[in-house]
Amino acid sequence: MAETVLETYGLTMRFGGVVASDNVDFKLHARELRCLIGPNGAGKSTFFKCVTGLQTPTEGEVYMRGVETTHWMPHQIASLGIGIKTQTPNVMDSLSVFENIWLAARRFFNSREANRKTQDIIERLALGAIARNDLGQLAHGERQRVELGLVAVGDPWLVFLDEPAAGMSAEDVERMTGIIHELNKTTAIIVVEHDMQFIRSIAKMVTVFHQGKILMEDHVDRVMSDPTVRNVYLGKNA
Amino acid sequence: MQGSLSKDAIIVIIVTAILIWIMPFIISTYTLTVLIIYGMLGLSLGLIWGFGGILCFGQAAFFGLGAYTYAIAAINFGESTIPMVLAVLVPAVFAALLGAMMFYGRLTDVYLGVITLVVTLILFKFINSTAGPQYVIGNARLGGFNGIPGFQTLNIPGRPDDYIWGDSYFYVCAILLAVVFFLVSALLRSSFGRIAVGIRENETRMSLMGYDVRARKTVLFAAGAAIAGLAGALFANWGEIVTPSLFSLGQSAEIIIWCIVGGLGTRLGPIIGAAGLAYLKFLLGQQMLIDNTLITGLILVLFVLFLPKGIVPAISNMWKVSFGRRQLGRIHQQRRIRHRGRANG
Amino acid sequence: MDLTVVLLVEMLYAVASLILISAGLAVVFGMMKVINLAHGEFMMMGGYATITAVNWGVNIFVAILIIAPLVVGLIGLVVERVVIRHLYGRLVDTMLATWGLSLFFIGLATMIFGNTTTGISTPIPGFTVGTYQISGYNFFIIVVAVFLLIGMFAVLKGTRAGLIARGAMQKSDMAAALGYSPDRIYMATFFCGCALSGLAGAVLAPLVGLVPTSGGAYIAKAFITVIAGGPSLIAGLFSSAGLFGIVNQVFTFAISPVIGEVALLVAAVVLLRLLPQGITGKIFKGKL
């Protein structure tokens with residue numbers, strides 16, 4: 001069995017009377033690729049935010065590679081070697097692609113090494129032609145790709161991606177799939193996603209959230225054919 | 001940010017030398033000295049606001065604190081070297097404490113503005129109320145609204161009787177401004193400076209990359225305060241008296257106006273804005289027809305409405321459009337339109 | 001006993017004057033998310049409008065309650081059309097532009113009225129409680145503040161215009177989608193906010209010697225009260241004015257007026273550190 005990189009025990013998040021995340025136990029192994037799916041409000045984004053430190057959970061514990069990170073700030077969690085991409089593109093608009101990625105690289109390497117790493121990522125993600133352009137000038141798909149570059153440049157061992165394929169063209173999604181697979185060779189990845197097509201193309205294991213709880217956790221094919229999951233998604237159950 | 005640091009240094013030295021030589025033919029060195037000091041004060045806010053995104057409504061507090069620290073220390077020491085150092089350190093430490101309180105409390109934007117404004121007011125009110133003889137630090141009486149006169153002014157280090165004044169004081173200030181300008185350039189070229197710009201652009205992103213935004217903003221804030229403190233000490237030496245008006249909101253407002261008019265996100269803009277507007281004010285002060293404050297206010301409103309990016313970026317854009325290659329010009333224009341669109345959206 | 005009465009009145013007066021000082025700013029900030037740093041100057045102009053009107057032989061209460069708010073409201077309307085409307089949604093820019101306006105108005109007032117102190121006497125005589133003297137005008141201020149709060153509540157809760165304004169406050173694009181021009185709403189709101197500032201300046205005018213720079217004394221307090229109050233208009237205004245007014249008076253009485261002011265400011269800093277979203281960001285959430 002591979003090393004465990006992320007564990008949560010009884011993770012609970014309440015907003016007033018609403019339980020957005022309810023007693024979630026979760027485990028992820030090194031170099032695993034896991035998709036979190038579920039209808040809107042199922043609690044996958046809350047789970048994502050609690051684990052990455054963007055929100056502090058009401059109860060429960062989070063461990064990363066055995067270190068408890070429950071009440072940590074996002075920058076402390078990221079410093080462990082964890083890449084985080086939020087739902088909306090979160091980049092420095094008036095800086096160039098190179099500068100954006102360089103800033104991410106500089107956190108983990110010295111200045112010279114960061115230059116090299118940045119060049120490397122720019123080549124790998126085929127961003128060379130736009131490397132000197134400001135992010136504000138780029139198309140949505142390109143911005144998403146740059147953000148993936150920011151996440152990847154620090155050689156993370158765990159990556160969180162919140163809806164990486166949202167609002168992208170088919171071509172861009174295909175390219176994104178390739179990048180995620182390549183990243184997955186060296187790091188564990190958690191993808192929060194709606195797009196079933198995209199999930200099918202990247203995932204093996206899928207965790208289904210429903211009403212703040214984990215509904216089931218299984219191989220993508222079995223999850224897709226499961227009647228309960230179908231009901232949850234199509235709302236026939238209600 | 002192209003080119004190298006050594007090139008920066010050479011340009012700074014040449015430009016400074018030329019200006020020191022030419023400017024005294026146009027304006028008296030006494031007036032020039034205070035313009036230089038204001039330039040340094042403008043640069044201090046330009047650094048934290050233009051490159052760090054921290055809008056401080058109370059930069060005057062650090063300026064005043066530097067001036068008062070110098071005056072009080074100079075009376076007590078009877079020599080100027082240690083007081084000069086203290087005048088830089090005290091505001092920096094004060095800003096570090098204040099900044100830590102604000103940034104670790106995750107205060108942003110408006111709230112930051114309120115707190116810095118309030119702290120300035122507290123200092124102003126406090127200093128104003130210290131007229132009584134019980135308010136003494138060492139041998140120095142704080143003097144309330146009358147301020148502190150008659151302290152030891154700048155002398156050659158170790159020789160308290162050799163005062164630096166008049167033209168020599170002008171040279172000292174000019175060279176100090178050049179040094180500070182160079183240090184700011186070096187800071188902005190360093191990783192720290194580039195990370196600060198990243199934080200200005202997107203705090204959340206930078207913290208998700210693993211940077212401790214709170215600590216970095218605190219350090220930058222303190223660096224800005226240190227420069228303002230130095231400017232304050234120089235001002236104290238120039239005026240030979242310090243008064244509570246150094247802390248006033250009007251003073252803070254002026255610093256912000258200098259930065260806006262000169263141009264944010266540039267190193268030169270705040271300096272030019274400060275010196276230019278201060279000189280304009282000096283000229284206006286010699287006529288009685290139109291009130292001075294009215295014009296200052298009008299300038300600020302007009303700039304916010306019509307030239308929100310300031311003079312220096314506008315000129316450098318114009319330069320690029322007319323003298324750069326055509327292609328480049330068009331890209332820049334597009335970018336400008338895009339910026340404008342986003343700002344309005 | 002006498003002392004308690006006097007202290008109570010003084011505290012009520014402090015709270016009431018904070019409410020008056022901040023109301024105009026609160027309306028403009030709460031509804032439009034515009035921080036009007038020329039607020040103090042609008043108050044100053046309200047004061048000058050009153051004094052000028054009284055000098056022309058107008059009854060002082062007419063001058064305070066009708067003329068000053070109208071005059072300042074109209075000035076505000078012009079300001080909104082010429083400057084503010086170009087800057088909606090740009091919080092920092094509006095702050096800077098209104099700061100510029102504040103300097104502009106100070107300069108203008110200096111040119112018109114000169115840099116000298118003017119004033120009028122209070123229209124209500126004082127009376128004594130035991131050995132203490134209380135200014136009768138303080139009661140007038142308390143009454144005006146109470147009516148102001150009730151009036152604001154009634155307008156927002158009870159009238160159609162108030163309902164539209166509340167809607168626009170929460171979601172301006174939605175109000176626009178329903179056919180209410182946000183442009184008009186903003187214009188009306190700014191007019192009301194400025195009129196309130198004018199009223200406050202007028203009410204306080206008999207108590208202070210008016211100079212063109214008088215506004216500066218108000219703006220910081222108003223700014224702090226509104227920000228510390230948080231998102232709810234009336235509840236926020238009432239709670240933060242109450243807190244700061246009492247803190248101010250207690251320290252003024254116990255130590256000195258300067259310490260009272262400083263205590264108010266320190267209280268504001270501590271409060272914002274603890275509740276960065278203001279009082280009503282945490283408590284009384286969702287109230288008016």
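Two strands are taken to pair if DSSP finds at least two bridges between them, and helices (H or I, at least four residues) and strands (E, at least two) are DSSP runs numbered from the N terminus. In the sheet that contains strand E4 of chain A, A:Thr12 has A:Glu59 of E4(A) as its bridge partner. The structure is a predicted model, in which local features need pLDDT of at least 70 and side-chain atom pairs count only at pLDDT 80 or more, while totals for chains, interfaces and linings use all residues. Residues are numbered from 1 along each chain as its sequence is written, and chains are lettered from A and ligands numbered from 1 in the order in which they are written.

The A:Thr12 bridge belongs to the pairing of strand E1 (residues 4-15) with strand E4 (residues 59-64) of chain A, which is antiparallel and extends over five bridges. These strands are part of an open, antiparallel sheet of four strands, ordered E2-E1-E4-E5 in chain A. Strand E2 (18-29) and strand E5 (67-68) of chain A are at the edges with a single partner strand each, so one side of each has no neighbour in the sheet. Between E1(A) and E2(A) there are eight bridges, again in the antiparallel sense; A:Thr8 has A:Phe26 in E2(A) as its bridge partner. The hairpin formed by E1(A) and E2(A) has two residues between the strands, and A:Gly16 adopts a positive phi near 60° in this hairpin.

Chain A also holds an open sheet of six strands with mixed pairing, in the order E6-E7-E8-E3-E9-E10. Its edge strands are strand E6 (82-85) and strand E10 (213-219) of chain A, each of which pairs on one side only. With direction ignored, neighbouring strands of this sheet are turned by 15° against each other on average. Axes here are lines fitted to C-alpha atoms, for helices over the stretch in contact, and angles run from 0 to 180 degrees between N-to-C directions. E6(A) and strand E7 (residues 158-162) of chain A run parallel and are joined by four bridges. In E7(A), A:Leu161 is the bridge partner of A:Lys85. Helix H1 (residues 44-52) of chain A packs on the sheet and touches strand E3 (33-37), E6, E7, strand E8 (188-192) and strand E9 (205-210) of chain A, its direction making about 140° with that of E7(A). Contact between two residues requires that their C-beta atoms, placed from the backbone, lie within 7 Å. Helix H5 (residues 140-152) of chain A likewise packs on the sheet, where it touches E6 and E7 of chain A, and its direction makes about 160° with that of E6(A).

Two pairs of chains touch, and the most contacts are between chains B and C. No contact joins chain A and chain C, and their closest C-alpha atoms lie 12 Å apart. The contact between chains A and B takes 21 residues from chain A and 17 residues from chain B. On the chain B side, helix H7 (191-201), helix H8 (203-208) and helix H14 (326-344) each supply at least two residues, and H7(B) provides the largest share, five residues. This side of chain B has five nonpolar, six polar and six charged residues, where Ala, Val, Leu, Ile, Met, Phe, Trp, Tyr, Cys and Pro count as nonpolar, Asp, Glu, Lys and Arg as charged, and the others, Gly among them, as polar.

The contact between chains B and C takes 34 residues from chain B and 35 residues from chain C. Helix H5 (109-128), helix H10 (249-262) and helix H12 (292-306) of chain B each supply at least two residues of the side that touches chain C; H5(B) gives the most, with eleven residues. By class, this side of chain B has 24 nonpolar, six polar and four charged residues. B:Tyr111 is located in helix H5 of chain B and touches C:Ile227, C:Leu272 and C:Pro276, residues up to four places away in sequence not being counted. B:Tyr111 has 19 C-beta neighbours inside 10 Å and therefore counts as partly exposed. A residue is buried if 20 or more other C-beta atoms lie within 10 Å of its own, exposed if 12 or fewer, and partly exposed in between, with C-beta atoms placed from the backbone.

In chain C, 22 of the 31 residues of helix H1 are buried, so this helix is largely enclosed by the rest of the structure. H1(C) is followed by C:Lys33, which has a positive phi near 55°.
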